[in-house]
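Subject: Structure for your review

Dear colleague,

Please find below the structure that I am handing over to you. I would be grateful if you read the notes beneath with the model open.

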Amino acid sequence: MKDFEYIQPETLEAAATLLGEQNQRDWLGAKTRAFGGGQDLLGEMKAGLEEPERLVNLKWIEGLAGLAELGSGNVQLGATTKLRDLETEFDGGPLAAISAAAKTVASPQVRTNATLAGNLCQRPRCLYYRRPEAVCYKKGGDECFAYGGNNKYNAILGGGPSFIVHPSDLAPALIALDATIEYQGAGGTTEVDLDAFYTLPSEGDVTRENVLSPGDVVTALRTGLESPAEWRSTYVKFQERDAFDFALAAVALSLRVVGGQITDARLVLGGVAPRPWRCREAEKALVGSLDGADLEDRISAVAEAALIGSEPLEHNAYKVPLTKGLIGRAIRQLARS
Ligand SMILES: Cc1cc2nc3c(=O)[nH]c(=O)nc-3n(C[C@H](O)[C@H](O)[C@H](O)COP(=O)(O)OP(=O)(O)OC[C@H]3O[C@@H](n4cnc5c(N)ncnc54)[C@H](O)[C@@H]3O)c2cc1C
């Protein structure tokens with residue numbers, strides 16, 4: 001690993017200045033990195049994928065960690081809140097998807113160090129991206145080695161030219177709760193829907209997965225459900241190993257239930273596309289009675305609608321039935337709750 005400068009500022013202003021002054025607009029040339037818990041960044045540095053000259057640790061900045069009620073039943077989650085602190089906080093309530101997702105991330109050791117913003121901004125786990133010698137699209141090359149190679153873990157939706165999948169468990173869960181993300185940088189403070197924060201490889205900069213510019217600091221997430229008390233939510237994930245693993249496929253689901261009727265829904269897939277994949281047609285198909293028999297009739301239509309446009313690669317067609325099964329599991333779980 002190359003030598004680097006390590007700074008722990010105590011204010012957001014100082015962090016923004018430190019992150020802004022050495023950075024260029026181009027990510028591949030950026031020399032400074034925000035440091036949350038280091039659970040992804042240090043791995044990238046050890047592998048030689050990232051060689052920053054300066055790390056700016058955000059952990060001593062007052063006000064960046066912790067949860068706050070927003071009055072209506074929605075919450076604000078500070079960027080440096082540890083995943084461990086989200087594991088049980090929302091169990092059983094409308095925002096249960098947050099805790100359900102947090103519990104599935106890695107191991108207790110990783111969750112004790114990992115921050116929410118770091119989880120949302122972590123880089124892809126594609127086998128080829130993680131190999132320094134494979135100069136793929138993500139590293140400024142002009143090839144996706146997974147496309148014709150080992151693509152068991154890669155995208156079946158929204159892929160091309162790069163076929164990475166988005167690795168965060170918290171991102172689909174928060175999008176299913178209509179969350180916004182706030183960040184600060186040279187352009188001042190910006191707040192956007194978390195769904196609009198993520199980009200496809202075919203949009204914008206193929207080397208990146210979101211709209212952040214070098215030097216931007218994520219400061220907070222806010223859930224944004226209308227009348228949260230009427231909602232229920234969950235997160236269901238399938239992983240290859242029980243111990244800890246990234247999602248082969250995952251489903252974040254929230255339902256607004258009024259008088260025994262599903263009146264609104266959010267369905268977001270993880271592990272199958274280069275970004276969390278919102279399924280708007282499937283959400284529409286969910287609207288209707290919550291009654292068991294009626295709902296069973298709609299589940300396969302919802303699952304079909306969610307996978308519209310899927311184009312499996314040579315080794316990952318299994319993700320289609322797997323994802324459909326998880327969608328049914330998530331719907332039935334919420335119908336019973
Ligand atoms: C063994 C193992 C298993 C794992 N399994 C899973 C899993 O099942 N599910 C899952 O979701 N994740 C998993 N992960 C990934 C892990 O959750 C992430 O690495 C972790 O959440 C990153 O958080 P961090 O605070 O350590 O981020 P860091 O490693 O510090 O940073 C990650 C990235 O985010 C940027 N960043 C951090 N904070 C900010 C900020 N405030 N503003 C702007 N940019 C920022 C950094 O510059 C860096 O690019 C696993 C990791 C390991 C090591």
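The notes below cover confidence, the nonpolar cores and one sheet.

This is a predicted model, in which local features need pLDDT of at least 70 and side-chain atom pairs count only at pLDDT 80 or more, while totals for chains, interfaces and linings use all residues. Residues are numbered from 1 along each chain as its sequence is written, and side-chain values use heavy atoms, with hydrogens and water left out.

The average pLDDT (the predictor's confidence in each residue, from 0 to 100) is 95 for the protein, and 99% of the residues score at least 70.

The largest nonpolar core (buried Ala, Val, Leu, Ile, Met, Phe, Trp, Tyr and Cys residues joined through side-chain atoms within 4.5 Å; buried means under 20% relative accessible area, with a 1.4 Å probe and protein chains only) has 41 residues. Leu77, Ile98 and Leu174 are among those that touch the most other members. Helix α6 (residues 170–175; a DSSP run of H or I, at least four residues) gives this core its largest share, five residues. Another core, of 35 residues, lies apart from it and includes Cys279 and Ala303.

Five strands (DSSP runs of E, at least two residues) form an open antiparallel sheet, ordered β4-β5-β8-β6-β7. Because β4 (67–69) and β7 (188–193) each have a single partner strand, one side of each is left without a neighbour in the sheet. β4 pairs with β5 (residues 75–78) over three bridges, where pairing requires at least two DSSP bridges.

Yours sincerely

Terms used: Buried < 20%, exposed > 50% of the residue type's maximum accessible area, 1.4 Å probe, protein only.
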